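The following exercises ask the reader to examine a chain step by step. Each task is followed by a worked solution.

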Amino acid sequence: MDIRKIIKFGNSSYVVSLPKRWMEKNRLNKGGIVYVSENGNNELILSPDDKSAVPEEKELVINTNSKDLARIKREIFSAYLNNFTMIKIVGSNLKENSKKIREMIQQLMALEIMEQTSDKLITKDFLNMNEILISELVKKMDIVAKAIISDLKFSLDENNAENIAERDQNINKFYFVIIRAIRRELEYPGSIKKENANLLKLFDAWHVAHQIESIADEVKWAAELMSKTRVTPKEKQEVNEIISEIEGFYDKTMKMYYKNDKDFSYTISDTKNGIIDGSRKMYEAKHTPGLARICSYLESMTHKTHEILRRVYS
């Protein structure tokens with residue numbers, strides 16, 4: 001690390017000398033231009049290029065020949081997460097897979113099909129990343145997650161698994177946009193203009209969003225299993241009591257996250273152990289097929305909720 005003295009220059013400016021080897025490495029000379037930006041950590045970033053100048057268009061071609069649908073989906077999602085604004089999907093097998101590929105595209109927010117032929121499909125991303133607020137997307141994920149956790153209490157009485165799965169897809173859409181926004185900010189510092197986001201805040205936001213997305217997956221899988229599982233009235237009551245405890249734990253956790261209330265987060269942290277102990281006692285005492293797996297999903301939801309709480313007091 002080099003240390004430089006600050007020199008006063010005129011009435012309103014200060015000057016810091018630049019290392020000669022850095023100037024030579026970047027082929028800069030007297031009269032050249034450097035770009036200075038602030039990264040949110042109270043640090044200045046000095047660059048020979050304008051890192052905040054985000055390219056208007058990024059284009060990628062995906063060839064589907066000799067690839068199964070799982071591979072095609074991974075490539076489409078990868079392109080979207082890496083902020084490619086134009087994705088061209090080509091291949092001789094496109095016609096037979098067209099319906100499935102369209103369903104994949106519908107899982108990605110603001111990605112629209114612009115043109116389609118028998119061997120070509122062109123999509124364009126219409127999401128304005130300059131208007132994205134990561135904190136608002138986390139809140140939207142939270143609202144949907146609270147609703148499906150609450151609805152899980154009805155899954156032993158009715159088959160609501162498909163409805164919960166559809167809402168889980170909405171959570172996924174928000175989560176993917178958060179990943180895109182964070183990657184964009186890391187590649188082009190200052191691109192999230194509406195949010196004072198330093199690296200720590202970006203990490204925290206990603207961590208919380210990841211846990212919410214994972215909790216929603218557990219709810220989805222639990223709902224699917226519960227709709228197929230027959231339990232006694234007493235078992236149903238016990239399962240729903242545990243779900244209610246998780247619902248309350250999750251709600252309090254998210255309130256602590258928004259308030260950044262470390263003191264109260266310590267207080268409710270032990271709630272996790274009580275929920276897990278109750279779940280384990282229930283399935284150890286019962287022999288209904290599927291009940292142990294249901295409880296494992298509930299325990300996983302509890303652990304992931306506690307991981308969010310860790311971000312508050314850590």
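**Exercise 1.** Is Phe176 buried or exposed? Determine also how Phe176 is placed against Phe77.

*Solution.* The model is a predicted one.

Step 1. A residue counts as buried under 20% relative accessible area. Phe176 has a relative accessible area of 15%, so Phe176 is buried.

Step 2. The same cut-off of 20% is applied to Phe77. Phe77 has 12% relative accessibility and therefore counts as buried.

Step 3. The chain has six aromatic pairs. Phe77 and Phe176 form one that is edge-to-face, with 5.5 Å from centre to centre and 80 degrees between the planes.

Step 4. Phe77 belongs to helix H2 (residues 69–81) and Phe176 to helix H5 (residues 161–187); with their positions 99 residues apart, the pair links distant parts of the chain.

Step 5. Tyr175 joins these two residues, and Phe77, Tyr175 and Phe176 form one aromatic cluster.

**Exercise 2.** Classify the pair formed by the rings of Trp221 and Tyr297, and state which parts of the chain it links.

*Solution.* Step 1. Planes under 30 degrees apart count as stacked and those over 60 as edge-to-face, while the rest are tilted. The planes of Trp221 and Tyr297 stand at 45 degrees, with ring centres 6.4 Å apart, so this pair is tilted.

Step 2. Trp221 lies in helix H6 (residues 199–226) and Tyr297 in helix H10 (residues 291–313); the two are 76 residues apart, and the pair links distant parts of the chain.

Step 3. Trp221 is partly exposed, at a relative accessible area of 36%, whereas Tyr297 counts as buried at 15%.

Step 4. Helix H10 also holds His306. His306 is buried, with a relative accessible area of 4%. Leaving aside neighbours within four places in sequence, the contacts of His306 are Phe249, Ser269, Lys272 and Tyr313.

**Exercise 3.** Work out the strand order of the open sheet of four strands, and explain why one side of E5 and of E7 is left without a neighbour in the sheet.

*Solution.* Step 1. The strand order is E5-E6-E8-E7, and the pairing is mixed.

Step 2. Strands E5 (59–63) and E7 (111–116) stand at the edges; each has a single partner strand, so one side of each lacks a neighbour in the sheet. Direction ignored, neighbouring strands of this sheet are turned by 20 degrees against each other on average.

Step 3. The pairings can now be followed across the sheet. E5 pairs with strand E6 (residues 86–90) in the parallel sense, over five bridges; Glu59 has Met86 in E6 as its bridge partner.

Step 4. E6 and E8 are antiparallel, again over five bridges. Here Lys88 has Ile122 in E8 as its bridge partner.

Step 5. E7 and E8 run antiparallel and are joined by five bridges, with Asp125 in E8 as the bridge partner of Leu111. A hairpin through three residues connects E7 to E8.

Step 6. Helix H3 (residues 94–106) lies across E6, E7 and strand E8 (120–125), and runs at about 15 degrees to E8. E8 is mostly covered, as five of its six residues are buried.

**Exercise 4.** Compare the phi angles and the burial of Asn83 and Ala110.

*Solution.* Step 1. Most residues other than glycine have a negative phi.

Step 2. Asn83 is not a glycine, yet has a positive phi of about 65 degrees. Ala110, not a glycine either, has a positive phi of about 65 degrees.

Step 3. Asn83 lies in the loop between H2 and E6, and Ala110 in the loop between H3 and E7.

Step 4. Asn83 is buried, at a relative accessible area of 11%, while Ala110 is partly exposed at 22%.

**Exercise 5.** Why is the chain described as more spread out than a compact globule?

*Solution.* Step 1. The chain has 10 helices and eight strands. The globule rule gives 20 Å for 314 residues, and the radius of gyration is 25 Å, well over that value, so the chain is more spread out than a compact globule.

Step 2. Along its principal axes the C-alpha trace spans about 80 × 60 × 30 Å.

Step 3. Of the 314 residues, 43% are buried. The chain exposes about 17,900 Å², of which carbon and sulfur atoms supply 50%.

Step 4. Among contacts with a separation of 6 or more, 72% are between residues 24 or more positions apart.

Conventions. Residues are numbered from 1 along each chain as its sequence is written. This is a predicted model: local features need pLDDT of at least 70, side-chain atom pairs count only at pLDDT 80 or more; totals for chains, interfaces and linings use all residues. Side-chain values use heavy atoms; hydrogens and water are left out. Two strands pair if DSSP finds at least two bridges between them. Axes are lines fitted to C-alpha atoms, for helices over the stretch in contact, and angles run from 0 to 180 degrees between N-to-C directions. Contact means heavy atoms within 4.5 Å. The radius of gyration is taken over C-alpha atoms; the globule rule is 2.2 Å times the number of residues to the power 0.38. Buried means under 20% relative accessible area, exposed over 50%, partly exposed in between (1.4 Å probe, protein chains only). Accessible areas come from the Shrake-Rupley method with a 1.4 Å probe; for residues, only the protein chains shown count as cover. Rings of Phe, Tyr and Trp (its six-membered ring) pair if their centres lie within 6.5 Å; planes under 30 degrees apart count as stacked, over 60 as edge-to-face and the rest as tilted.
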